[in-house]
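Let's take a walk through this structure together. Have the sequence at hand as you look.

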Amino acid sequence: MTSNTSKLLNGFNLEAVLGAREALSVAPEGAMFIWRAQSRWMNGTHTESAVNRFFGLGEEQEHLREFIYDTDHPEIFAAEDEGPTPVEMVLVGLAGCLTAGVASVASNRNIELHSVNATLEAGMDIQGIMGLDSDVRNGFENVKVAFDIEADASDEDIEAIVAQSQKRSAVYDIIANPTNVVVSVNS
Amino acid sequence: MTPFIPRASSSRVCDDVIVIGAGHAGLATSYLLTEAGLSHVVLERGETANAWKTERWDSLRLLTPSWLTRLPGARYLDEADDGFMHVSELADFLDDYAKAFRLPVVSGANVTSLRRRRGIFEAHTESAVWQARTVVLASGAFNNPAVPKIAEQMPDNLMQMTPFDYRSPDSVATDGVLIVGASATGLQLADELVNAGRKVTLAVGEHVRMPRRYRGEDIFYWLHRSGIHDQRYDELDDIERGRNLPSPQLMGRRSPDLDLNDLQNRGVQLTGKLLGCREGRLLFSGGLRNVCALADLKMARLLKQIDPIADAEGAVQSAAPVATRLENTPPVSLDINDSSIDTVIWATGFKPDYSWLHIPVLNHKGLLRHDGGIVVCPGLYALGLPLLRRRKSSFIFGIEDDARDIVSHLTSFLKTDSRRFADDLYSDAHTRASARRRA
């Protein structure tokens, strides 16, 4: 990981990633990761969450520093608006994941990117979370992502990169597919 | 060619080669072993072409055109070159092939254990132990349906079937059917069941889309002419992905194309990949649009690869197939009681059965560890697996080139191994003689 990033296509260290992929193919147990976040209620609907430690490659790992995020709700929800809503954070996660995917797939296909912008939109009927109609689900009705990409590639190639990025995206999978969730209270 | 080998008392025969399985791969191998003058036996659990006779549904035709049904030394002669053989015609063809060349097939010889002791392979059947210095596994890649773990989550009142249980629409007792899987099998069953008036829901994961005909010819003509079928396993970037590709959405009929657009027009409801069942609701992926987009993109790429060859041959132009049409919001969950789904058919692929293979050559996924059919155990070989040595490896016409490569490797293995065997005997005798002299 010591190579000079300015020389890398799209600033993406393809060689290191391919090397890691190769290593994990012979030692799949190293591929088991555990991601973590810790949260603290502040006031009203305001919560502060911290992200730092995670587990991967067979041992405990750490980010370079701790990252702190606030979530809250806007004033029309009679809240203080100390941060984005949790559902907007989900969109932030999706944007980050799909865009990282676009960069890695493009680099793997030796395509130079000039700009990658995405606009995300999720429709939600809040009758669900308000408990007004039990037929309405709490979460998103649908999620739309629109990419604007400038790159040295044909429209068809760009479309293929975006499709492949969805195929390999963790957050896309988390949103599109069900996951078992266990919430417990420590005694 | 048969060297001296000490025999166990129950052993019947000692050969150069044991071939396991008398399907197209085993028979082609046997033909080439005969040509090479190697003594061998073909052990078959049932009879020749067993799976084709007993494990396929009634209407099934090969998805390759008849003119491509070739084995070393033989080809299927069909007046209508662009026809598609019924499975029973293929079974007859393989029977005739085995008889015409007097191939040494032993029927009813189900191998319950294959071991290797002191460099000799031992294949145990119920009535005998067969020994040989090499073995070719030609037992097929589709021995068992690969049913995903989520099958366990299905409620008891839902009937569950695999393609092995399916013979015709009469095999499905209920009106509403969920077919899981959008490969050749899933789409062919959906096609037949919707024709029979059933209410069909099709859960679609990643799939491979191909038009039956393109630029005036069958797609297999172009896959053949363009050299795509001859692409070697060691030239591909990601061999594992290639080997795991689902079979293309094709069937043995000229038209209409077997595709998701046609099935939807005829009333088939599409959903994303089936992910499980919770609290009486079937859960589907919201990623249907992307798997269809990926399949359309890959098909476009394939056709683009074919175009220059078609142009060079002066082939007629043809329009690219239209993109897969999807309704705006395919369901991501369905209530089992409201949805009229009473039966689930797992068209989720097949897997080989190696439960009898008592040699440590499988990976953590239960698949053979091999390099182009040369298994990681000296003298052990495999044939007839997807993309074994070439893209065409799992097709009937694809077996000859692979089998020639393997038989040639096997022949030189036997030669060097014999020499090593003789050297060992000599050095043993030499050591014993020196020991005696010292004593």
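Helices (H or I, at least four residues) and strands (E, at least two) are DSSP runs, numbered from the N terminus. The expected span of a helix is 1.5 Å times one less than its number of residues. What you're looking at is a predicted model, where local features need pLDDT of at least 70, side-chain atom pairs count only at pLDDT 80 or more, and totals for chains, interfaces and linings use all residues. Residues are numbered from 1 along each chain as its sequence is written, while chains are lettered from A and ligands numbered from 1 in the order in which they are written.

Start with helix 3 of chain A, residues 155-167: its 13 residues reach 18 Å from first C-alpha to last, close to the 18 Å expected at 1.5 Å a residue. Among its buried residues (20 or more other C-beta atoms within 10 Å of their own, with C-beta atoms placed from the backbone) are Ala160(A), Ile161(A) and Val162(A). Their cover includes helix 2 (86-108), strand 5 and helix 4 (170-176) of chain A, plus helix 8 of chain B.

Now for strand 5 of chain A, residues 142-151. Just 1 of its 10 residues is buried, so the strand lies largely in the open. It pairs with strand 4 (residues 113-123) of chain A in the antiparallel sense over 10 bridges; pairing takes at least two bridges found by DSSP. Here Ser115(A) stands opposite Glu150(A).

Finally, how do the chains meet? 12 residues of chain B are in contact (C-beta atoms, placed from the backbone, within 7 Å) with 10 residues of chain A. Helix 8 (288-312) of chain B gives the most to its side, with 4 residues.

Terms used: Contact = placed C-beta atoms within 7 Å. Buried ≥ 20, exposed ≤ 12 C-beta atoms within 10 Å, placed from the backbone.
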